[in-house]
Amino acid sequence: MDIALSDAKKKKFICYIDLLASVINNTQPPNIPKDFDWEFICRNAQRNNVLNILGYAVNNLENKPDEQLIKVIENDRRYSILKETSQLFQVEKVLQEFEKAEIKNLPLKGYHIKSLYPRSDLRTMNDVDILVDKKDFKKIATIFESLGYTNKNILNSTEIHFTKDLLYFEIQSDLNSGGDTYYDNIWNKLTLRDDYNYSYNMTLEDFYIYMVYHCVNHFKSGGIGIRMVMDIYVFLKSYPDLDFEYVNGEFEKIGIITFAKRLKKLALNWFSQDKTEIDNFGEFVLYSSTYGTRDIHFFQSANRNKKGYWIKQIFMPYKSMKKQFPYLQKFPFLLPVSWVQYWFIRLLISRDINFKSGISDRITNLDQKNGEFVKNLMDELEIE
């Protein structure tokens with residue numbers, strides 16, 4: 001599939017976008033032609049975790065999909081409602097346990113965003129992200145284990161992950177990405193949430209900054225899907241009076257001002273009442289799955305590292321390794337030891353890599369045409 005879309009595919013995607021927009025704006029969906037390619041739309045909605053949203057639009061259409069597709073859409077919508085109910089209950093239960101244990105925390109992203117949608121089940125969560133102080137990791141692990149969660153034993157000193165049934169928690173101690181330092185002092189910028197003694201909030205402006213920061217890091221590591229763009233629109237619609245003098249000043253500090261402005265423009269065009277247009281940034285988003293695609297991920301990784309890509313995959317740099325092995329912060333000269341430890345754990349303990357499939361996965365890449373498209377877009381958005 002080419003990233004650049006033909007006019008025929010653009011027309012299909014515009015209908016797709018307009019259907020989603022009608023649901024999150026509580027407006028009448030667009031007129032859909034009788035010969036509409038519903039399989040194409042459903043396939044793309046499914047890989048972007050927004051198929052459940054289409055369920056609410058289909059109910060108000062004259063020209064509906066066939067019965068088999070309606071059943072698929074409806075099942076996804078019902079599953080999302082079930083998942084939503086379970087997630088809300090379990091997340092609040094975890095936060096109450098954090099209160100009892102006096103663990104300061106900052107719920108992130110979807111936890112807050114979903115309440116801004118007309119229905120909270122419209123915004124599904126693949127995982128629940130919470131920022132904490134690293135010193136509380138042991139207490140947190142005890143809490144999750146007492147609640148019946150499984151520790152995923154992620155090989156990363158700044159994160160711990162837990163799962164149970166429909167829930168996946170990512171507990172983080174660092175919001176920075178790729179060696180950035182912008183969020184080093186994040187706790188100094190937070191305020192307590194109402195009715196909590198240990199759970200915090202960002203200001204609306206800082207929350208928006210983090211949303212865009214999160215998007216740009218996914219963009220650099222594989223792409224962003226339509227749901228991230230939708231989140232930006234829903235937030236801007238809910239809070240139209242953000243202090244953009246401050247926001248844009250912070251984007252300048254981080255070095256993502258061009259990306260941020262284009263993302264905002266795209267979100268407002270796609271989900272407001274304007275005539276929907278698809279530019280090259282939009283084509284890239286529509287090519288991506290929820291959090292990007294494997295081929296773009298490997299292309300961008302290899303492109304950034306050039307000839308050193310494979311060497312850095314085997315002998316990961318100190319900056320990456322110190323997150324997984326904290327002792328390197330005090331003893332950086334032990335980096336070679338950490339490489340041996342890393343591969344011993346992955347190959348013999350976690351067993352999460354297979355040389356045959358692993359190598360073939362990393363060979364998966366973009367062809368020359370799509371590679372040029374991505375490189376030119378990265379340059380245009382001033383993304384390094």
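**Group meeting: K189 and its surroundings**

Hi everyone, let's begin with K189, which sits in the loop between β5 and β6. Please keep in mind as we go that this is a predicted model.

So, is K189 buried or exposed? Neither, in fact: with a relative accessible area of 34%, K189 counts as partly exposed, because that value falls between the 20% limit for buried and the 50% limit for exposed. Leaving aside residues up to four places away in sequence, K189 touches Y182, D206, Y246 and E250. Two of those neighbours are worth a look at the side-chain level. The side chain of K189 makes a polar contact of 3.1 Å with that of Y246, and another, of 3.5 Å, with that of D206. There is also a backbone distance here: the C-alpha atoms of K189 and N201 are 8.9 Å apart, and these two residues are twelve places apart along the chain.

Now let's step over to D206. This residue belongs to helix α7, which covers residues 204–221. What does D206 touch, once residues up to four places away in sequence are set aside? The answer is K189 and Y246. The side chains of D206 and Y246 are joined by a polar contact of 2.7 Å. If you put that together with the two contacts of K189, you get a triangle on your screen: K189 with D206, K189 with Y246, and D206 with Y246. D206 has a relative accessibility of 10%, so it counts as buried, whereas K189 is partly exposed.

While we are on this loop, have a look at the aromatic rings. The model has 23 aromatic pairs. One of them is W187 with Y200: their ring centres are 5.8 Å apart and their planes stand at 80°, so this is an edge-to-face pair. W187 is in the loop between β5 and β6 and Y200 is in strand β7, so the pair ties together parts that lie 13 residues apart in sequence. There is also an aromatic cluster formed by F207, Y208, F235, Y239, F244 and F251.

Next, helix packing. The axes of α7 and α10 come within 10 Å of each other and cross at roughly 100°, which makes α7 roughly perpendicular to α10. On the α7 side we have Y208, V212, C215, V216 and F219, and they meet F259, A260, L263 and K264 of α10. By class, that contact has eight nonpolar residues, one charged residue and no polar ones.

Helix α10, residues 257–271, also packs against α8, residues 226–238; here the axes come within 8 Å and cross at roughly 85°. These two helices are therefore roughly perpendicular as well. From α8, the contact uses I226, V229, M230, I232, Y233 and L236, and from α10 it uses L263, K264, L266, A267, L268, W270 and F271. The classes here are twelve nonpolar, one charged and no polar.

Last stop: helix α11, residues 280–287. How many of its eight residues are buried? Seven, so the helix is mostly covered. The buried ones are F281, G282, E283, F284, V285, L286 and Y287. At the start of α11, D279 places a side-chain oxygen within 3.2 Å of the backbone nitrogen of F281.

That's my tour, and I'm happy to go back to any of these spots with you. Thanks, everyone!

Note on methods. Residues are numbered from 1 along each chain as its sequence is written. This is a predicted model: local features need pLDDT of at least 70, side-chain atom pairs count only at pLDDT 80 or more; totals for chains, interfaces and linings use all residues. Side-chain values use heavy atoms; hydrogens and water are left out. Helices (H or I, at least four residues) and strands (E, at least two) are DSSP runs, numbered from the N terminus. Buried means under 20% relative accessible area, exposed over 50%, partly exposed in between (1.4 Å probe, protein chains only). A polar contact is a pair of N or O atoms within 3.5 Å; within protein, one must be able to donate a hydrogen and the other to accept it, and residues adjacent in sequence count only if both atoms are side-chain atoms. Contact means heavy atoms within 4.5 Å. Axes are lines fitted to C-alpha atoms, for helices over the stretch in contact, and angles run from 0 to 180 degrees between N-to-C directions. Angles under 35 degrees count as roughly parallel, over 145 as roughly antiparallel, 65 to 115 as roughly perpendicular and the rest as oblique. Ala, Val, Leu, Ile, Met, Phe, Trp, Tyr, Cys and Pro count as nonpolar, Asp, Glu, Lys and Arg as charged, and the others, Gly among them, as polar. Rings of Phe, Tyr and Trp (its six-membered ring) pair if their centres lie within 6.5 Å; planes under 30 degrees apart count as stacked, over 60 as edge-to-face and the rest as tilted.
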